[in-house]
Structures are given as structure tokens and as C-alpha cells.
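Work through these exercises with the structure open beside you. Try each task before reading its solution.

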Amino acid sequence: MAKRGDQDELPLPLGFDPESVEDIAEAPEDVSLPSRNPILALQHMEGALTRADLEHPEVLTRSEFRRLRYLISFARLTVFEPGAAGPYGRRGRGDVDIADEVAEFRSLVIDRLHDPLRAELDTEKRLTAAKALLPELGEELQRHRKTVAERHASDFSLAELDREVGYKALVCILGGGGGAGYVYLGGMQRLIASGITPSYLLTTSFGAIVGSVMSRSLPVPMSEYVDWAKTVTYRGILGPSRVRRRHGLTGLFSLNFDAFADELFRREDGAPLQMRDLAMPFETVVAGVRRQSFDRLPARFRRTELEALRTRTLPRTRIGVRHSVAARMWQAAAFIDTRVVKPIVLGGDDLTAELNVVDAASFSSAIPGVLHHETRDPRMVPILDEVLQQKDVGALIDGFAASNVPVELAWKRIQDGRLGTRNACYYAWDCFHPQWNPKHLWLQPITQAVQVQMVRNAPYADRIIRFRPTLSALTLAAPTEAMDRAIQWGTASVEQSLPVIQHMLDPVWWDGKQPPAPEGTVEVTEAGRPKAKPMSAILDAARAAAAALGDKARRNRTDLLAKRPKSAPAPLP
């Protein structure tokens, strides 16, 4: 396990405005950060160098820029798994701790480079100062690099050390936001088109829905996923409230994403895809309602029979349902409190790695009082029972309550060895933030509460995108025209930030003319990993089901409380 020190008490960055998180990268830091969390301070320094080089590429030669980035990245080394970094990286050799050997050099780099890179506001002067320090720091780097390589010659080669230092994994953090999250499809489409595939996804709520789909197979068939998303209907993903509760909280509707996406998340042999089966490392955050808080919840959140009675009295008009959902959403904001809930990462341990993907994504999207999810697979029941017992929680609900854009959790997961490499670029996507648009104003109390979480999360991100505009959070089943607009908005948002991400992902090296190549035989696929069903058959079935409903039925939110037609599958009791 990596050594993080006292990082849970990280002070807030000076000058941080939760309504302007795009500027967090350049916000002044608390003076204690280098001593409290030197690894994060070095991450900020490398980001500042990279952004400055994009603005003034004429100041540094390409060799000088690579070497400055290399020595900052080398100073961040603590624990890593040899062979895991870079293209075709392989796991299985275990971690090697070199924190003590690098400690002296880390202190030197922070002492000499931190203020020139983080305190200097003029980006050209920033590069000039760093350039002047390169000869001195370069000599020290070579001495420490040689020492580390010699002491650990039996653990890793110099080339493997250089791969850990020189290659960054892309960590994407996708926040929740209901239908506003359809912009993520455009963002992912643009990212994949540029040749960039995330190395790890940590998601929440609607981000879990999108992230789980993205992770099922590689390479990512983006156009087919977009076509599949256009078959989503309200009647397909929502149903009447359930009459039994075990692991979730009651809601106005039952969330039937697991039934709608059942074929999408099955393996070629017909078995459900579990978290450990996904081609791309994927985890999702749920909020666990603390046991003492659960016992004090109003009965309507715990007793499904009371919820069922209230559901029968709801107005069967579109406006009536919308107002009822809005009222429930405001009530759900009361769960955004660390005294009430705690974050739980599903897929992050051996127990939850066995969960079905559809259940993990559904629990992460189950808004308390609005959407209720319970597993349909009897094999998942003992696993979920054990999760509740181990975490000492009474129910699992939408992850937005614990951390809507969980960048801090993603950072800690990487430092704890989720990918083996600890060298990563953190790319956070936020679609659920205050927007001064009449369609979004009713959400202001909730989005403002969620944005307070960003005060803690933002310092861990290398780049945060606040997507705008977006669809309404209530547009869970978007018409084709609306989804096309959302995809265009998402593409445009990612386009603006792509140059910084690409520059940070460019490999760096110290010696030679190119980054070190992987050693031994390159394995393109992982032997024994189950494959997901091909998309062709899934798309045909999804299109046929959508076509069977008229346009009015596909977009109607008001008949969800009525009885289903005899031809429709019965909901879980």
C-alpha cells in the first residue's frame, strides 16, 4: 500500500471558488501543502509547467521540457509496481517501495521549483525560472536515479523505472446529474476519436451508467453505444415503486436499468458481467446510509408499504409527476451530509468485484425517495448483505450524496495501487452544477449543496470540465434530437480541454530519443478474461423494443405509475 501521510486533513486551496472550478489548477495553494502532501504538491507543479509550456512553447526546447517533467515525476516516486506502467503494462509482480531513496531529491525539487512554478503568475517567467534550475536539478536527478536503479536491480530494470516515471495513466472521474450526463457521450466520443482511452474510470450516479457501458469491451465501440443509448425509454428504465426493500431506500419509481440493459451486460456465455469482468478498470461510488442515521430516517424512506400508498395518490399528469419528483429531489439533498452517509467504492475489493455491473451502476444511481433499486439476481443478495454489514450501513443510495465527482477517492485509489502505476492524470467531468437557465433553476438548492463537495475534491484534479449547456436532470430518456444536441455540447466541452490532457499524457524520458519500450513479449489481450456479447445482436433487439412503443409512449413520464401491459415484463416485487 502506498504511503499517503496525513492527507485526510488536506487544507482547502486559497482563492478557491466552487463556481469557478476550471481555475482551481492556478488557484494559490495553502503554504502548508508541500509539507502536508508533497506528492500532490508535485502533481500541481507538473501541471503548472505543462500549462505554461502550452502557452509559451518557444521558451523551452522539447528536450528541456521533457527533462523538467521527468525530474518532477521522479520526485513523486514512493511505491509502484514494476512493469505496470505504459502501453501493454502487466500486473502481478507486486509493489516496490523506494520512498526513502527518493526523499532527499523530493525535498530538493519542492524547495527549488515549487515557488517558481506555483507562486509565479506570469507563465513565461515560470518557464524561464525552471529552465535556469534544470542543470542543477539534472545532476542531482542522475545521481539519485543511478542509486535507485542499483539498489533495486533485482526488483526492476532502469527501463521499467523510466516507464513508471515517463508514462501517465488517464483517470476519468464521471460525476452524476441524471439526464444532464448525456453530454458524457459526446465527451467520450471526442476522447476516443483523439486516440485516448481511459486507464481507469471512477464514477457516480448517471456517470456510473455511462462509465459501465464504456468499460464493457475494448476497443470502445462508441458509435454503437450512442445508438444503443437512443433506444432508452422511460417505460424501459422506470417502473412503479416496489413493495419490498432490502438494500436500497424507497422511491417514487423503481429503477429498472438492470432489466433494460440486461443483454448489454452479459458475457458471450450468457452469464451476467461482473465488475471484475470489465475490459476497462471501472469502479463506482455509492453512498452508504450510516446505521445510526438509517434508524432515524422518516418511515417513508424505509417502509415500502407507506411509499406504495403515497404513490397511488400522485397526480397522473406530466406536470404533477414533475412537481412530485422535484419535491423528492429537494428532500434527497438532506442526505448530502457526511454525518448521514459515507462513500463506498464498489468494485474496489474482492467482495464487491463479484457484483453484477448492472447492480453496481443502479445502486449508484438510486436517488433516495425518487428511484429505488433492488437486485434481481439471488446470487447478489448475500454479497450485498455482507457489504452492509462490513460497512456498518443500513442502505445503499445514489453516490452523489457522498461525493458527486469523487476525484479525491480516485486519487487515493491510484495511490493505493489500483493500477500498479501511481503516475496518473486526473480528468474530472461535472455536469451537475449551478446553471442560470430557467430549466435548471429549480435544482439550485441541490446543485449548490453538491458543489460544496468540490471544494474538497477539486485540488486532486489535473483538469475539471463543467459541461454546459446540458439537458435537464429529469431527461432520463432523451429524444433523439435532444441527445444529438447533448452529444454536440459534450464534444465541444472536451475539445476545449483536450490540448492540456494530450500534453500531460505525452510520455517523457531522460536519456535517448524516445520513451522506453515494454520489455519481453507484448500481450495485446488478457488471457481468460470473459468477453461481453457483441453489440450487433444487442442493438437489433433494443431497436425492436423501442420501435414497439409509439413516440408518445416512449417519452411519457405519466403512465409509469399505471399497470404495465400484459406483454411487458413484470417488475421485481
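## Exercises on backbone, pocket and cysteines

Asp 392 is partly exposed, because its relative accessibility is 43%. The model behind this value is predicted.

**Exercise 1. Find where Asp 392 sits and what sign its phi has.**

Step 1: Go to the loop between helix 17 (380-391) and strand 10 (393-397); Asp 392 lies there.
Step 2: Read its phi, which is near 55 degrees and so positive, in a residue other than glycine.
Step 3: Set this against the general rule. Most residues other than glycine have a negative phi.

**Exercise 2. Locate Tyr 88 and decide: is it buried, partly exposed or exposed?**

Step 1: Look in the loop between strand 1 (79-80) and strand 2 (96-97), which holds Tyr 88.
Step 2: Check the backbone. Tyr 88 is not a glycine, yet its phi is positive, about 60 degrees.
Step 3: Take the relative accessible area, 47%. Buried needs under 20% and exposed needs over 50%. Tyr 88 is therefore partly exposed.

**Exercise 3. Place the cis peptide bonds that lead into Pro 219 and Pro 469.**

Step 1: Recall the background. Most peptide bonds are trans.
Step 2: Take the bond from Leu 218 to Pro 219. This bond is cis, with omega near -5 degrees. Pro 219 lies in the loop between helix 8 (206-215) and helix 9 (222-229).
Step 3: Move on to Arg 468 and Pro 469. A cis bond joins them, with omega about -5 degrees. Pro 469 belongs to the loop between strand 12 (463-466) and helix 21 (480-505).

**Exercise 4. Describe the second largest pocket: its volume, its centre and its lining.**

Step 1: Start with the volume, about 780 Å³.
Step 2: Find the centre. Of the 27 lining residues, Lys 342, Pro 343, Ile 344, Val 345 and Leu 409 are closest to it.
Step 3: Trace the elements. Strand 8 (341-346), helix 18 (400-403), helix 19 (407-415) and helix 20 (444-457) each give the lining at least two residues.
Step 4: Sort the lining by type. Ten residues are nonpolar, six polar and eleven charged.

**Exercise 5. How many disulfides does the structure hold, and why does Cys 172 form none?**

Step 1: Recall the bond. A disulfide links the sulfur atoms of two cysteines covalently.
Step 2: Find the cysteine sulfur closest to that of Cys 172. It is in Cys 425, 8.3 Å away.
Step 3: Apply the cut-off, within 2.5 Å. The sulfur of Cys 425 is too far for a bond.
Step 4: State the total: zero disulfides.
Step 5: Check burial. Cys 172 is buried at 0% relative accessibility, and Cys 431 is buried at 1%.

Methods:
Residues numbered from 1 in each chain as written. Predicted model: local features only at pLDDT ≥ 70, side-chain atom pairs only at ≥ 80, totals over all residues. Heavy atoms only, no water. Helix = DSSP H or I, 4+ residues; strand = E, 2+ residues; numbered from the N terminus. Buried < 20%, exposed > 50% of the residue type's maximum accessible area, 1.4 Å probe, protein only. 1 Å grid on protein atoms, 1.4 Å probe; cavity = no way out; pocket = protein on both sides within 12 Å on 5 of 7 lines; lining within 4 Å. Points joined across faces, edges and corners; volume = space filled by probe spheres on them. Nonpolar A, V, L, I, M, F, W, Y, C, P; charged D, E, K, R; others polar.
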